[in-house]
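Dear colleague,

I am handing over the structure below, and my notes on what was found in it follow directly after.

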Amino acid sequence: MQKNRNDLIKNITLTGVMAALYVVFVLLFGDLSFGFTGFISFRVAEILIPLCCFDKKFIPGAILGCFVANLFGGQAIDIIFGTFQSTLTVFALYYIKNKYMALLVGSLLCGVIIGTELMSLGFSTIGYWIIFTTFIGETFILFLGYLIAKKCFFSLNSKIIGKK
């Protein structure tokens with residue numbers, strides 16, 4: 001019974017920390033995080049998303065972090081579509097066995113969904129190219145996050161998330 005309680009506390013804490021870090025990164029990089037620059041959407045906070053490749057315990061925090069961060073963007077449509085895109089991405093990252101393919105799928109989802117959203121809201125100064133530049137930005141940040149997570153965290157026997 002005590003083990004289940006401790007596991008629940010660890011999971012809630014992990015969710016909170018993941019969500020909080022995501023929100024802090026989004027707010028720290030301001031307009032760049034919301035694609036308000038007009039030519040690229042490059043959300044540095046997405047560097048945390050590849051953690052979902054390694055353990056599903058990171059998924060709730062990633063989704064919650066995206067949802068809360070999008071509340072600060074001022075666009076109701078971003079709260080809906082941004083959170084939807086992140087939800088699809090984190091599940092793709094976890095369930096697709098080939099992680100490089102999963103990262104590409106996540107990048108493509110971001111490029112199409114978020115790029116189209118930015119274009120439809122009038123934030124893009126480059127038209128349809130925003131889909132491509134958002135895809136490229138997301139690809140870079142997801143692959144970087146994956147490589148960092150694989151090297152730094154999960155080569156040490158996953159002590160962060162309690163795997164043995």
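Which residues of α3 are buried? The model is a predicted one, in which local features need pLDDT of at least 70 and side-chain atom pairs count only at pLDDT 80 or more, while totals for chains, interfaces and linings use all residues. Residues are numbered from 1 along each chain as its sequence is written, and side-chain values use heavy atoms, with hydrogens and water left out.

The buried residues of α3 (under 20% relative accessible area, with a 1.4 Å probe and protein chains only) are Ile59, Gly61, Ala62, Ile63, Gly65, Cys66, Ala69 and Asn70. Their cover includes α1, α2 (30-34) and α4 (76-95), where helices are DSSP runs of H or I with at least four residues, numbered from the N terminus.

Turning to the interior, the largest nonpolar core (buried Ala, Val, Leu, Ile, Met, Phe, Trp, Tyr and Cys residues joined through side-chain atoms within 4.5 Å) has 26 residues, and Tyr22, Ile49 and Val90 have the most contacts inside it. At least two residues of this core come from each of α1, α3, α4, α5 (99-120) and α6. A second, separate core of 5 residues includes Cys110, Ile113, Leu118 and Ile130.

Leaving aside neighbours within four places in sequence, Ile49 is in contact (heavy atoms within 4.5 Å) with Met18, Tyr22, Ala62, Thr89, Val90, Leu93 and Leu142.

With best wishes

Note on methods:
Buried means under 20% relative accessible area, exposed over 50%, partly exposed in between (1.4 Å probe, protein chains only).
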